Amino acid sequence: TTGYGVATGGTSSSITVSSQNYTLLSFTSDANLTVSTGGLFDVLLVGGGGGAGFGSSYPSGGGGGGGGGVLEITSTTTIYLPAATYAVDVGAGGAGGTTSNAGSSGLESAIGSLLSVSGGGGGGGNPNPENYGRNGASGGGSSWQFGTGGFTIQASVGNNGAGTNSLNSGGGGGGAASAGSAGSGTTGGAGGNGIDISGFITGSTYYAGAGGAGGGSGAGGAAGNGGVAGKTSGTGNAGVNYGAGGAGSSSAATGGAGAAGVVYVRFKI
């Protein structure tokens with residue numbers, strides 16, 4: 001029976017999960033994972049969150065950015081890694097849309113060429129066709145009623161972004177745990193919920209991969225678990241938790257930037 005291996009890289013810490021001791025390697029920026037003893041490793045990857053779209057002076061709310069994918073949602077992913085050095089890429093968050101543009105999509109996180117998870121889609125801005133939410137691990141929300149929310153390109157790690165029924169609000173970006181909510185009237189749509197990853201890293205509840213809320217001329221959308229709320233004016237709220245999408249704003253305002261992802265690797269000791 002193959003046992004757990006040994007590796008170094010990132011920031012190392014000792015954790016205990018269900019009475020089992022582990023070494024946890026945390027990567028918040030690109031680095032190398034050096035496996036000195038080949039074996040099994042538990043891994044958790046979060047892609048970068050998408051940026052929210054630009055809110056126009058109509059005033060219209062920008063669509064919220066989609067959350068970065070969280071691999072894996074339903075269970076711990078365990079892989080075998082031979083002794084070698086592997087490049088770890090941590091997905092950057094997408095920039096918020098400016099001057100009528102949609103937000104940029106987040107980038108994927110990966111361990112070498114073995115395993116990767118996509119970033120979240122950018123939220124829609126103005127005018128058409130920029131008002132469509134971008135596709136991603138979770139889709140971005142749309143701006144204006146003429147656009148549609150972006151779709152998930154990895155259904156196992158994310159959800160769809162939402163549209164809106166109005167010229168005055170933006171839809172919420174999808175999150176790793178749930179889809180974004182539609183904007184309605186002058187109120188932006190809520191962002192989709194992130195996934196609680198505390199069972200992997202221990203500690204208090206921590207939601208990764210949340211979608212950003214949509215902006216609105218009357219009220220910004222509500223924050224999902226681990227996400228940020230939309231606004232009526234001023235630069236949109238930037239994602240904070242790993243892989244969180246940025247939130248939209250209104251009244252000719254730049255969308256909030258998405259948050260970078262993270263890569264965790266752990267092994268039993």
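This note goes through strand 5, its partner strands and the aromatic rings around them.

1. Basis. The model is predicted: local features need pLDDT of at least 70, side-chain atom pairs count only at pLDDT 80 or more, and totals for chains, interfaces and linings use all residues. Residues are numbered from 1 along each chain as its sequence is written, and side-chain values use heavy atoms, with hydrogens and water left out.

2. Strand 5. This strand covers residues 39-46; strands (E, at least two residues) are DSSP runs, numbered from the N terminus. Of the 8 residues in strand 5, 7 are buried, where buried means under 20% relative accessible area, exposed over 50%, and partly exposed in between (1.4 Å probe, protein chains only).

3. Partners of strand 5. Two strands pair if DSSP finds at least two bridges between them. Strand 5 runs antiparallel to strand 7 (residues 77-81), with 5 bridges, and pairs with strand 13 in the antiparallel sense, also over 5 bridges. Strand 6 (residues 70-71) is joined to strand 5 by 2 bridges, again antiparallel.

4. Single bridges. Which residues are the bridge partners of Asp-42? In strand 7 the partner is Thr-78, and in strand 13 the partner is Arg-266. Leu-45 has Leu-71 as its bridge partner in strand 6.

5. Phe-41 and Phe-267. The whole structure holds 6 aromatic pairs. Rings of Phe, Tyr and Trp (its six-membered ring) pair if their centres lie within 6.5 Å; planes under 30 degrees apart count as stacked, over 60 as edge-to-face and the rest as tilted. Phe-41 and Phe-267 are edge-to-face, at 5.8 Å centre to centre and 80° between the planes. Phe-41 lies in strand 5 and Phe-267 in strand 13 (residues 262-268), so this pair ties together parts that are 226 residues apart in sequence. Both Phe-41 and Phe-267 are buried.

6. Tyr-242 and Tyr-264. Why is this pair edge-to-face? The ring centres are 6.5 Å apart and the planes stand at 75°, so the pair is edge-to-face. Tyr-242 lies in the loop between strand 12 (207-208) and strand 13, and Tyr-264 in strand 13. Tyr-242 is partly exposed, with a relative accessible area of 24%, whereas Tyr-264 is buried at 6%. These two tyrosines form one aromatic cluster with Phe-200 and Tyr-206.

7. Arg-266. A charge sits over a ring if NZ of Lys or CZ of Arg is within 6 Å of the ring centre and within 35 degrees of the ring normal. The charged end of Arg-266 sits over the ring of Tyr-22, 4.2 Å from its centre. Arg-266 also lies over the face of Phe-200, 4.3 Å from the ring centre.

Definitions and conventions:
Helix = DSSP H or I, 4+ residues; strand = E, 2+ residues; numbered from the N terminus.
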